[in-house]
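Open the model in your viewer and keep the sequence panel beside it. This tour says what to select at each stop and what is there.

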Amino acid sequence: MDDSPMIDEVESTVEDAPNEAPDPIGSKTDSTVESDEETTLTIEEATPTYDFAPDKRRCESCGETTATRWHDSEAGMVCIECKEW
Ligand SMILES: [Zn+2]
């Protein structure tokens with residue numbers, strides 16, 4: 001006799017869920033996918049090309065010799081002081 005009320009509650013809960021779920025989940029999934037792609041592209045472009053040369057290379061911006069250089073889209077391979085982050 002206790003089983004009947006419980007089944008009734010479960011059925012009403014299942015019926016309610018599908019009515020609320022589709023809209024919020026649908027729009028959230030769309031925007032998430034779009035921003036996800038944009039974030040990936042931005043990270044790839046912003047990631048500096050790191051170059052380490054034990055014998056030291058010249059910074060193409062200030063002429064300073066440094067073992068560690070980064071690629072700058074305008075100046076080329078530059079030292080850490082010339083690299084714009
Ligand atoms: Zn420099």
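Start with a cut-off: a residue is buried if 20 or more other C-beta atoms lie within 10 Å of its own, and exposed if 12 or fewer. By that rule, 7% of the 85 residues of the chain count as buried. Keep in mind throughout that this is a predicted model.

**Stop 1: the whole chain**

Select everything and colour by pLDDT. The chain averages 74. Of the residues, 44% score at least 70. Now switch to a cartoon view. There are 2 helices and 3 strands. Reading from the N terminus, the order is α-α-β-β-β. Next, turn to the contact map. Among contacts with a separation of 6 or more, 4% come from residues 24 or more positions apart.

**Stop 2: two ends of the confidence scale**

Select residues 22-46, helix α2. Its mean pLDDT is 57, the lowest among the elements of the chain. Where pLDDT is low, the predicted coordinates should not be read in detail. Then select residues 65-72, strand β2. Here the mean pLDDT is 95, the highest among the elements. The rest of the tour stays with the strands and the segments around them.

**Stop 3: the sheet**

Show the strands together. They make an open sheet of 3 strands in the order β1-β2-β3, with antiparallel pairing. The edge strands are β1 and β3, and each pairs on one side only. Ignoring direction, neighbouring strands of this sheet are turned by 40° against each other on average. Turn on backbone hydrogen bonds at this point. Strands of a sheet pair through such bonds, either parallel or antiparallel.

**Stop 4: strand β1**

Select residues 50-58. How many of the 9 residues of this strand are buried? The number is 0, so β1 lies largely in the open.

- Pick Tyr50, in strand β1. Tyr50 has 10 other C-beta atoms within 10 Å, so it is exposed. Draw a distance to Trp70: the pair is 20 residues apart in sequence, yet 4.8 Å apart in space, C-alpha to C-alpha.
- Pick Lys56, also a residue of strand β1. Its phi is positive, about 70°, although Lys56 is not a glycine. Lys56 counts as exposed because it has 12 C-beta neighbours inside 10 Å.

**Stop 5: the hairpin from β1 to β2**

Keep β1 selected and add β2. The two run antiparallel, joined by 5 bridges. At one of the pairings, Arg58 has Thr65 of β2 as its bridge partner. The two strands form a hairpin, with 6 residues between them. Label Gly63 in the turn: its phi is positive, about 85°.

**Stop 6: Cys62**

Stay in the loop between β1 and β2, and select Cys62. Is this residue buried or exposed? Cys62 is exposed, because it has 12 other C-beta atoms within 10 Å. Which residues does Cys62 contact, leaving aside its neighbours within four places in sequence? They are Cys79 and Cys82. Draw the distance from Cys62 to Cys79. These two are 17 residues apart in sequence and 8.1 Å apart in space, C-alpha to C-alpha.

**Stop 7: from β2 to β3**

Select residues 76-78, strand β3. A hairpin of 3 linking residues joins β2 to β3. The two strands pair in the antiparallel sense over 3 bridges. Label two facing pairs:

- Trp70 stands opposite Val78 in β3.
- His71 stands opposite Met77 in β3.

Trp70 has appeared before, at the distance of 4.8 Å from Tyr50.

**Stop 8: past the last strand**

Move on to the segment after β3 and pick Glu84. With 11 other C-beta atoms within 10 Å, Glu84 is exposed. Draw one more distance, to His71. The two are 13 residues apart along the chain, and their C-alpha atoms are separated by 9.9 Å.

**Last view**

Zoom out and keep the strands shown. The order across the sheet is β1-β2-β3. Strand β2 has 5 bridges to β1 and 3 bridges to β3.

Conventions:
Residues are numbered from 1 along each chain as its sequence is written. This is a predicted model: local features need pLDDT of at least 70, side-chain atom pairs count only at pLDDT 80 or more; totals for chains, interfaces and linings use all residues. Helices (H or I, at least four residues) and strands (E, at least two) are DSSP runs, numbered from the N terminus. Two strands pair if DSSP finds at least two bridges between them. Two residues are in contact if their C-beta atoms, placed from the backbone, lie within 7 Å. Axes are lines fitted to C-alpha atoms, for helices over the stretch in contact, and angles run from 0 to 180 degrees between N-to-C directions. pLDDT is the predictor's confidence in each residue, from 0 to 100.
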